Amino acid sequence: MKTLIEFINEKQADFSYATGEFSRLVHDIGIAAKIVNREINKAGIADIFGNEGTVNVQGEEQKKLDVFANNQFIKALKHGGMVCAIASEENDELITFDNELSNRGKYVVAMDPLDGSSNIEVNVSIGTVFSIFRRLSESGSSGDVTDLLQPGTKMVAAGYVIYGSSTMLVYSTGYGVNGFTLDPSVGLFLLSHPEMKIPDGGNIYSINEANYIYFPEGVKEYIRYCQEDEPSSLRPYTTRYIGSLVADFHRNLIRGGIYMYPGTKKNPNGKLRLLYECNPVAFLAEQAGGKASDGFRRILEIQPESLHQRTPLFVGSKHMVEKAEYFMNYFSRDFKK
Ligand code: AHG
Ligand code: MN
Ligand code: MN
């Protein structure tokens, strides 16, 4: 089986103008992923469960592993020198590096270093999710916030690591989606899922239904539709909700399905963050033949205004997302931005 490094090198050879910097960046992410994976695997026996005792910019308790993963990814990206700035869920402000090498870096990264942290202590799948853009600011200085405030259509790559029953790195550089499984005995990511495609339809819907009474009418009607007995279709569908976006998305990518985190009257933008949660999964969904929407418009076309901005998300199989959009348009136009 092909290793991640072989795959990256081969792809790089396809582009005569490629300098190898970008390949180096993906390679660095792979290394950080292995280190984080090692820590996660011993979470029950080492003293890394529990809260760090700090709160991030979203007002959420930081877990020790949130902080560990954040530091590891920042360290790897700093060391590689390809990246001039990082936006992270765990850092209020943009992260820049005060060194010449990084200031010449052509790329910026937005990341959620540990997604699904409420699942750490109960041995349920968690992830890391990231998107990569070319910087806009001039090379030679540290990157700035405008480098990160680019719409997803400008993304050059995105991916996630899922720490699950096996650990996988799934990423795309805009030429399809490829998945690599970590062989822990040799410490190598191997190409196990080449050219991943999401089925156009499916029978899984993923949503935190406990929030039902707050949902827009369009979402309520779509859920009703999912639950209808319609033997000629796959309905009633089935519900699967892990509570880690990465893991829910990964399952739906393989099986076909839709993941929804809608806005409500109280929180019209929902919960998930555009830059480092919605954008990367939207990019991967589209690259795999699926769709991602805020209910009305394409996630990748949203112009970000701040690093930690939120957006409603409907992502997954093309026909399912289109159906949800239909219900949103019919019943919940008041939620349209
Ligand atoms: P994080 O652990 O990075 O804060 O993200 C959690 C996110 C996402 O992964 C998950 O799908 C969602 O929050 C779950 O939210 P609810 O508990 O509100 O369903
Ligand atoms: Mn998250
Ligand atoms: Mn997180």
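1. Donors are N, O and S atoms within 2.8 Å of the metal (3.2 Å for Na, K and Ca), and water is not among the atoms, so sites may look incomplete. In this predicted model, local features need pLDDT of at least 70 and side-chain atom pairs count only at pLDDT 80 or more, whereas totals for chains, interfaces and linings use all residues. Residues are numbered from 1 along each chain as written, ligands are numbered from 1 in the order in which they are written, and side-chain values use heavy atoms, without hydrogens and water.

2. The manganese ion (ligand 3) has as its protein donors Glu-89 (OE), Asp-112 (OD) and Leu-114 (O), lying 2.0 to 2.2 Å from it, and these donor residues follow the spacing E-x22-D-x1-L in sequence. Asp-112 also coordinates the manganese ion (ligand 2), which is 3.8 Å from the manganese ion (ligand 3).

3. The protein chain is divided into domain 1 (4-193) and domain 2 (204-335), with bounds that come from an automatic or database domain assignment, and the C-alpha centres of the two lie 24 Å apart. In contact (heavy atoms within 4.5 Å) are 49 residues of domain 1 and 32 residues of domain 2.

4. Between them, domain 1 and domain 2 bury about 2,800 Å², 65% of it on carbon and sulfur atoms, where buried area is the accessible area (1.4 Å probe) that two parts lose on being put together, summed over both.

5. Two salt bridges are counted between domain 1 and domain 2, the term meaning a side-chain nitrogen of Lys or Arg within 4 Å of a carboxyl oxygen of Asp or Glu. The side chains of Glu-60 and Arg-273 form a salt bridge at 3.7 Å, N to O.
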